[in-house]
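Colleague: I would like to learn how to read a model such as this one, feature by feature. Could we take the strands and sheets before anything else?

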Amino acid sequence: MAKFVTIGERIHCISPAIREAFATMNPEPILKRAKEQLDAGATYLDVNIGPAENNGEELMKWAVTLIQENFDNVPLALDTANKKAIEAGISVYNRSKGKPIVNSADAGGRIENIDLAAANDAIVIALCSAEGIAADNDERMMHCQNMLERGMMLGMEPTDLWFDPLFLVVKGMQDKQMQVLEAIKMFSDMGLNSTGGLSNNSNGMPKAIRPIMDSALVAMAMMQGLTSAIVNPCDLRLMETIKSCDIFKSNTLYADSYLEL
Amino acid sequence: MPFNCKPQKFSASIKAVDLGTGDKKVTLGGESVFPFYSFDGSEGNGAKVGVEISDMGLDHEPEAVKAYYAGCETMADIAKKAEAMEGADFVCLRLEGGDPNGADKSIEELVAVAKEVADAITAPLVVEGCKNVEKDGQLLPKVAEALQGKNVLLLSAKEEDYKAIGAAAGLAYDQKVGAESAVDINLAKQLNVVITQLGVKPESVVMNVGTAAVGYGYDYVISTMDRIKAAALSQDDKMLQMPIITPIASETWAVKESMATEEDAPEWGNLDARGVSMEVQTAAASLVSGSDAVILKHPQSVATIAKMIKELI
């Protein structure tokens, strides 16, 4: 099995510093966050430019080129509701370290992002929801099947659709947590890849608690067969947990210095 | 239904490590497929064969080896004859005389032998220590210094002495470092990690992951090499993508099958044939398990293994 893929989430326009950097096309804050995440061991970096309705194409091209040129063509997840911006980003994307990821499609209004990924030989994150959160795993798996079929009809490899069960917040949806984990097992049993915004589970919890909850969940999810997650790689406890789980799963070979790699 | 060959493609490859200089330079590694899976993709530079000689001369060598070197007076003569052996890609000088429990030669004396050999040949040179960790920790850095510019491989840096040998060979004098572990896959990886953490380039490291003569727990050697190559290629594990070199002769010529006289073991047949057989079988098994280079000493073994490699790739 391949090593768990971490997608660093910290280049996101929800952060004021990053929003400002995108607005003024200021490289510095973006490069700083890219470096921090790569030093911490991220495989992919997510680039969220926000809705970017006006200058999305120009902005995504700028961001992709900027980050890849500075960091040895690090593979990226292109994250915006603006489809044209994603296509523009892919047009300048260097694939030598991995295909681009389209973040994201769902089984509802954003299903066409699967078509976009298929047309551009990209990976797509496929959220197993349509209008609102899936009520149960029957619904989740129905969405999964629909999106899988759509991708395959368009010539995609099944492994290029990374299914997202949609991680749910514990505070308020504690009773749904095992369902999410069971969905991951079902993806895994079908030989499919999976990912998701894992830290969603600990939203609203005290800052000191979040790394503990996130680490516990990633370990349980990896046991179920989760192959990737969108995470904050600067969370040391989380990254150490992922590296340790990769050892137990024999995704990497153990050496005493494994945490330093 | 027609047979469709579906190649097993890896995006990773074993690093290519150059030894020696000039026309006779050889490159170990470079492959992106399992050993001899040439139907899947590039075999890189193909496995290489080295000829072992010792600073102790010929006195303790098997008769056929002595016969091959007949007339050689000096270490330079022996080295020249070794590089001329049919099928030889490089020469390996073992400084076994350095062993404090054996001849206990001084470091100066051994460095002089290494220099004599290096100056006598144009083929790439591998220099192996005496296996005593303390002595090798002092000896091999001196050899690395004396042979600057020759691009030699020093065997070996171990868990106990990798700092001294790694820093001298890989950093100060720009030679190649052999990282030795004894059939322990986790230690093999760990050594590569700590040696590269010293600042040695991954392209300057070759692994000796340990071996045994066939029949002497050899199955562990196979599984160790198999798992290293699998992790290097299928998991793109950068800390296991160093080529593997395996000293064969020093193992196989020390077991009873290669040593017992025909009087003592008449049912085993001809002594020379037995020794060659042990050496060839162990070398062939190492190569198909993942060695990028083997070190042998009998002329017939060297010729046989070189031919096997040539015909399989």
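**Reading strands, cores and contacts**

Modeller: Let us begin with one strand pair: in chain A, strand S5 (residues 123-127) pairs with S6(A) in the parallel sense, over 4 bridges. Please keep in mind throughout that this is a predicted model.

Colleague: Which residue of S6(A) is the bridge partner of Leu127(A)?

Modeller: The partner is Asp164(A). On the other hand, S6(A) also pairs in the parallel sense with strand S7 (residues 193-194) of chain A, over 2 bridges, and there Phe163(A) stands opposite Ser194(A).

Colleague: How does the chain cross from S5(A) to S6(A)?

Modeller: The path goes through helix H6 (residues 137-153) of chain A, and the resulting β-α-β crossover is right-handed.

Colleague: Are the residues on the two faces of S6(A) buried or exposed?

Modeller: To judge this, one looks at each side of the strand in turn, and a residue counts as buried if 20 or more other C-beta atoms lie within 10 Å of its own. In strand S6 (residues 161-164) of chain A, Leu161(A) and Phe163(A) on one side are buried, as are Trp162(A) and Asp164(A) on the other, so both faces are covered.

Colleague: In what order do the strands of the chain A sheet follow one another?

Modeller: The open sheet has 8 strands in the order S7-S6-S5-S4-S3-S2-S1-S8 (chain A), with parallel pairing. Its edge strands, each pairing on one side only, are S7 and strand S8 (228-231) of chain A. The partner of S8(A) is strand S1 (residues 5-12) of chain A, joined to it in the parallel sense over 4 bridges, with Val5(A) standing opposite Ser228(A).

Colleague: And what is the strand order of the open sheet in chain B?

Modeller: There, 8 strands with parallel pairing are arranged as S8-S7-S6-S5-S4-S3-S10-S9 (chain B). Strand S8 (205-208) and strand S9 (245-247) of chain B are the edges, each pairing on one side only, and neighbouring strands of this sheet are turned by 25° against each other on average, if direction is ignored.

Colleague: Which strands pair with S5(B), and over how many bridges?

Modeller: Strand S4 (residues 90-94) of chain B pairs with S5(B) in the parallel sense over 4 bridges, and the bridge partner of Val91(B) is Leu125(B). The chain crosses from S4(B) to S5(B) through helix H3 (residues 107-120) of chain B, and this β-α-β crossover is right-handed. Strand S5 (residues 125-128) of chain B is also joined by 3 bridges to strand S6 (residues 153-157) of chain B, which runs parallel to it; here Val126(B) stands opposite Leu153(B), while Glu128(B) stands opposite Leu155(B). S5(B), helix H4 (residues 133-146) of chain B and S6(B) make a right-handed β-α-β unit. Both faces of S5(B) are covered, with Leu125(B) and Val127(B) buried on one side and Val126(B) and Glu128(B) buried on the other.

Colleague: Which residues touch the most other members of the largest nonpolar core?

Modeller: In this core of 89 residues, they are Val91(B), Ala114(B), Leu125(B), Leu154(B), Leu296(B) and Ile305(B). Helix H10 (residues 271-289) of chain B supplies the largest share, 7 residues. A second, separate core of 70 residues includes Tyr44(A), Leu59(A), Ile86(A) and Leu198(A). To see what surrounds one core residue, take Leu296(B), whose contacts beyond four places in sequence include Val49(B), Ile248(B), Ala283(B) and Ile305(B).

Colleague: Why does Phe248(A) count as exposed?

Modeller: The reasoning rests on a count, since a residue is called exposed if 12 or fewer other C-beta atoms lie within 10 Å of its own. Phe248(A) has 11 C-beta neighbours inside 10 Å and therefore counts as exposed. Phe248(A) lies in helix H10 (residues 236-248) of chain A, and its C-alpha is 9.4 Å from that of Met223(A), although the two are 25 residues apart in sequence.

Colleague: Finally, how many residues of each chain are in contact with the other?

Modeller: The contact involves 11 residues of chain B and 10 residues of chain A. On the chain B side, helix H6 (residues 185-197) of chain B gives the most, with 6 residues, and the residues of that side divide into 6 nonpolar, 3 polar and 2 charged.

Terms used: Residues are numbered from 1 along each chain as its sequence is written. Chains are lettered from A and ligands numbered from 1 in the order in which they are written. This is a predicted model: local features need pLDDT of at least 70, side-chain atom pairs count only at pLDDT 80 or more; totals for chains, interfaces and linings use all residues. Two residues are in contact if their C-beta atoms, placed from the backbone, lie within 7 Å. Ala, Val, Leu, Ile, Met, Phe, Trp, Tyr, Cys and Pro count as nonpolar, Asp, Glu, Lys and Arg as charged, and the others, Gly among them, as polar. Two strands pair if DSSP finds at least two bridges between them. A crossover is right-handed if, with the strands pointing away from the viewer, the path from the first strand over the helix to the second runs clockwise. A nonpolar core is a set of buried Ala, Val, Leu, Ile, Met, Phe, Trp, Tyr and Cys residues joined through C-beta atoms within 7 Å. Axes are lines fitted to C-alpha atoms, for helices over the stretch in contact, and angles run from 0 to 180 degrees between N-to-C directions.
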